[in-house]
Amino acid sequence: MSPRPYDEPLPDWTPEERPVMPGSPSTPSHPPLRRIAYFFVGALVMVTYALSNGFVTANLPQIQGTFGLTNSKGGWVTSAYFMAYMSANLLVFKARQQFGVQRFAQVAVLAFACVILLHLWAVDFTTLIAVRVLLGLAAAPMVAIGLFYLIQAFPKVHVGRGLCIALGFAQLSIPLGWVVSPYLTENAAWQPLYLFEFGMALLVVAAVSVLKLPRSVRLHAFEWQDLVSYCFFAPALALIGAVLGQVRILWWSDNAWMAACLIAAILLLFGGLTVESRRSNPLIQTSWLGTRKLIQFFVGSFFIRFILSEQSYAAVGVMRSLGMGHDQLQPLYLLIAGSMILGAVVAAASFGPKRIVPLITASIVLIVLAGYHDSNLTSVTRPHDLFPGQFAISCAAGMFMGPLLIMGVTKALSHGVSYMITFAVLFGVSQSVGGLSGAAVYSLFQQHREQEYSSQMISHLDKGDPLVAARISQQAQALSSRITDPVIRQAESAAQLSQTTTQQANVRAYIDVFILNCIIGIALFSWSLLNILRELWQQRPRPTPISHHSSSQTVRP
């Protein structure tokens, strides 16, 4: 790999001030008040980034109603963001190296604010999707900027603790969206959401302009081959995101285009990796992709995000099926937001090189315990009944991300700075695809189980059964004050009984989802434990072999 020339003379940094890698800010010693300012600016950046997708996730039914969208088109609104977001890291890392972190941050936050403003001019489905794609591209730099600001709030020796706190804020998208939305959508309009977020984005622009990040090392990073590689990888990841976003809404066997998209994505990925393998300064280090440790890391991070999707899909899904709205779910998501921050604080307080694996393992255990608790729900379960389980899984979400990222960064930097792009892309893909895959798999599983339970229950609804007849009669009496016609009243009673049956089938199906999540979590924990034991076995001290030298001595009389 050919060395990259620096674009400017390097300052006379001390070892404590020198950036970890080109494109990252230096870490000078700040006075306490400035460290506090860096912390609040970083938190503001992270919260603003989180709301950019959280508002849409929490208010998708209202947005669908405003634009007259079907469920399938509503799925495109959420997946379009991830289709663009997953590939953005291919360029973000080199952009920081090329232009410097200060200029990169100022341009990135301004572009983010402009894209947020564009949401107010979305008038139909096409323009809405276009804006969501742009937002996915514009949101990717916000994570790095928030991380850099929060890291400046900590001494360099405690940079790992700063990462844990920063990534805790980054995961607040869905809970914050649910907590804040009821105050902004009283008239069922979605525009106030983006007026509020545009105001937050303007605050970020002002804060980043006033309190700048320390300067970084700049070098000539971009090459024309980067564009060729991006043209392979970006559409491949977008096609995967499109399939995962739609497969939980449309049945895959009835939509052949999904298989065509996956085949095209595989071919594009193969073409991109072929191009990268022939470059002297590749974006993706293909020789590293097939190593056992990297595969283990990718699989582990993917499945942790996979089982965490139980919270965003199953918990909110079962409450919605029981008729809970924003107001009833607001306390639950307030608890989730606070628990995530608590988990990040616990990870930061207990962080250490030898505690990374125990923290990640403890997160998996908490997810399993949460799934077991929530699998005991019934049709009379209300949001407060989910508090213990959702508290545990939220703490796990806040605990695992920081240690997992630091473990991956350490592995990448041990090979060289050029491996960081490969790690950043793989880590982002593992989290995005893991979340989308979890929601897709659990949705398909829940729908399948709900249909089985519904058919079983409806087959037993014989009007000649005395219990069924008595239930219909009770409901008919309750409707007598509103419906005078006995025939219509009897039909309405039977319809309500059928709706109750469907609701019960949905609840039982969601119970199966929680149980499935527990099983996957136990399998992941067992796999992780086996890997840990294998590492300890390989690192065990081995006895030094004793060499026996046979020497013949001549005994003289």
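Trainee: What makes the span of helix α1 close to the one expected at 1.5 Å a residue?
Mentor: In this predicted model, α1 covers residues 32–58, which is 27 residues. From first C-alpha to last, α1 reaches 38 Å. The expected span is 39 Å, so the two values are close.

Trainee: Where is the kink in α1 centred?
Mentor: On Ser-52. The kink there is about 30°.

Trainee: Why is α1 called roughly parallel to helix α6?
Mentor: Helix α6 spans residues 159–170. The axes of α1 and α6 cross at roughly 30° and come within 8 Å. Angles under 35 degrees count as roughly parallel. Therefore α1 is roughly parallel to α6.

Trainee: Which residues make that contact?
Mentor: From α1 come Phe-39, Ala-43, Met-46, Val-47, Tyr-49 and Ala-50. From α6 come Ile-165, Ala-166, Phe-169 and Ala-170. By class, the contact of α1 with α6 has 10 nonpolar residues, no polar and no charged.

Trainee: What makes α13 oblique to α15?
Mentor: Helix α13 is residues 326–349, and helix α15 is residues 387–415. They pack at about 40°, with axes 7 Å apart. Roughly parallel needs an angle under 35 degrees, and roughly perpendicular runs from 65 to 115. The angle of about 40° fits neither, so α13 is oblique to α15.

Trainee: Which hand does the crossing of α13 and α15 have, and how do its residues divide?
Mentor: The crossing is right-handed. The contact of α13 with α15 has 14 nonpolar residues, five polar and no charged. Among those in α13 are Pro-331, Leu-335 and Ser-339. In α15 they include Phe-387, Gln-390 and Pro-403.

Trainee: How do you know that α14 and α15 are roughly antiparallel?
Mentor: Helix α14 runs over residues 356–374. α14 and α15 pack at about 155°, and their axes are 8 Å apart. Angles over 145 degrees count as roughly antiparallel. Therefore α14 and α15 earn that description.

Trainee: Is the crossing of α14 and α15 left-handed or right-handed?
Mentor: Left-handed. The contact of α14 with α15 has 19 nonpolar, four polar and one charged residues.

Technical notes:
Residues are numbered from 1 along each chain as its sequence is written. This is a predicted model: local features need pLDDT of at least 70, side-chain atom pairs count only at pLDDT 80 or more; totals for chains, interfaces and linings use all residues. Side-chain values use heavy atoms; hydrogens and water are left out. Axes are lines fitted to C-alpha atoms, for helices over the stretch in contact, and angles run from 0 to 180 degrees between N-to-C directions. Helices (H or I, at least four residues) and strands (E, at least two) are DSSP runs, numbered from the N terminus. A crossing is left-handed if the near helix is turned anticlockwise from the far one by less than a right angle, and right-handed if clockwise. Contact means heavy atoms within 4.5 Å. Ala, Val, Leu, Ile, Met, Phe, Trp, Tyr, Cys and Pro count as nonpolar, Asp, Glu, Lys and Arg as charged, and the others, Gly among them, as polar. The bend at a residue is the angle between axes fitted to the seven residues ending there and the seven starting there.
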